[in-house]
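This report describes the packing and the enclosed or open spaces of one protein model. The sequence and structure come first, followed by the pocket, the cavity, the cores and one residue in more detail.

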Amino acid sequence: MKRPSKVLYLVAILAEIVIRAPYNRQRKQQEMRDQRVSGLERGLLGLLFGTFLISMVYVFSSRLDRADYRWPEQTKQRVGGLGAVLMGIAIWIFWRAHRDLGQNWSPTLEIAERQTLVTRGIYQYIRHPMYASQWVWSVGQMLLLQNWIAGPLGLLGFVPMYFLRVPREEQMMLEHFGDEYRDYMAQTGRIFPRLRR
Ligand code: SAH
């Protein structure tokens with residue numbers, strides 16, 4: 001179970017890199033109207049990258065093996081299978097969100113000259129599908145990488161980013177899109193769709 005789960009995890013990472021690559025490329029050619037890359041924002045991205053590096057140590061070496069979950073083999077297999085399914089769902093949401101956000105995507109908080117407000121596709125249900133996909137991914141990682149260090153790392157890197165960034169991102173969107181974004185907020189949830197719209 002251990003080796004396949006490491007391979008699966010790597011494949012999942014590669015899938016996200018491939019999905020993101022074209023958006024990364026075209027973003028570099030864009031003029032920016034507003035950039036809010038504070039020390040905090042840099043710190044959050046740094047933390048995320050740090051946790052990613054440690055999970056790579058787990059994947060490519062046996063250094064962290066002492067911290068492996070000690071569960072019955074059958075439990076490990078079932079939990080691992082569920083983890084793999086969650087990672088698959090996360091990748092699907094990630095892909096949809098990139099497709100719908102298109103050239104408005106950015107790795108940080110910024111507004112491009114040509115930025116438009118996206119309220120269609122997966123964005124008609126939730127305002128932060130990429131972050132939603134990261135939640136699903138982080139839980140999937142905890143189940144797939146069966147190690148007390150590598151497993152929870154996804155959550156460790158992402159949770160602070162989610163809670164500190166989302167309010168600032170929404171504030172920025174409100175300042176640029178005003179009532180249009182306010183109306184959009186009234187119709188959507190952050191990561192769970194609103195039941196009544
Ligand atoms: N929070 C969103 C987007 C993440 S990318 C998600 O989880 O899917 C971050 C950038 O997306 C921000 O810098 C902002 O410029 C842009 N953005 C966020 N929501 C947007 C929307 N509804 N329409 C257009 N751009 C948006």
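## Pocket, cavity and cores

Helix H5 gives the most residues to the lining of the largest pocket, with eleven. The model is a predicted one. The elements that supply two or more residues to this lining are helix H1 (2-27), helix H2 (39-60), H3, H4 and H5. The lining has 46 residues in total, and those nearest the centre of the pocket are Arg20, Leu48, Phe94, Trp105 and Gln134.

A search of the whole structure also finds one cavity of 30 Å³ or more. Its lining consists of Arg27, Gln30, Met32, Gln103, Asn104, Trp105, Ser106, Glu110, Ala112 and Gln115. Trp105 is thus named in the lining of the cavity and among the residues nearest the centre of the pocket.

The table sets out volume and lining classes for the two spaces.

| Item | Largest pocket | Largest cavity |
|---|---|---|
| Volume | about 1200 Å³ | about 30 Å³ |
| Nonpolar lining residues | 27 residues | three residues |
| Polar lining residues | 13 residues | five residues |
| Charged lining residues | six residues | two residues |

Turning to the cores, the largest nonpolar core holds 28 residues, and Tyr123, Met130, Met173 and Tyr181 have the most contacts inside it. At least two residues of this core come from each of helix H3 (73-101), helix H4 (129-144) and helix H5 (150-187). H5 is the main contributor to this core, with eleven residues. Another core, of 16 residues, lies apart from it and includes Ile13, Ile19, Met87 and Trp137. In soluble globular proteins, nonpolar side chains tend to be buried together.

Within the largest core, Met173 can be taken as an example. Leaving out residues up to four places away in sequence, Met173 touches Ile111, Leu117, Gly178 and Tyr181. Of these partners, Tyr181 is also listed among the core residues with the most contacts.

Leu156 is likewise part of helix H5. Does Leu156 count as buried or exposed? Leu156 counts as exposed because its relative accessibility is 52%, and the cut-off for that class is over 50%. Leu156 nevertheless has contacts with Leu47 and Thr51, again not counting residues up to four places away in sequence. The C-alpha atoms of Leu156 and Leu48 are 8.2 Å apart in space, while the two residues are 108 residues apart in sequence. Leu48 is one of the residues nearest the centre of the largest pocket.

How values were computed:
Residues numbered from 1 in each chain as written. Predicted model: local features only at pLDDT ≥ 70, side-chain atom pairs only at ≥ 80, totals over all residues. Heavy atoms only, no water. Core = buried A, V, L, I, M, F, W, Y, C linked by side-chain atoms within 4.5 Å. Buried < 20%, exposed > 50% of the residue type's maximum accessible area, 1.4 Å probe, protein only. Helix = DSSP H or I, 4+ residues; strand = E, 2+ residues; numbered from the N terminus. Contact = heavy atoms within 4.5 Å. 1 Å grid on protein atoms, 1.4 Å probe; cavity = no way out; pocket = protein on both sides within 12 Å on 5 of 7 lines; lining within 4 Å. Points joined across faces, edges and corners; volume = space filled by probe spheres on them. Nonpolar A, V, L, I, M, F, W, Y, C, P; charged D, E, K, R; others polar.
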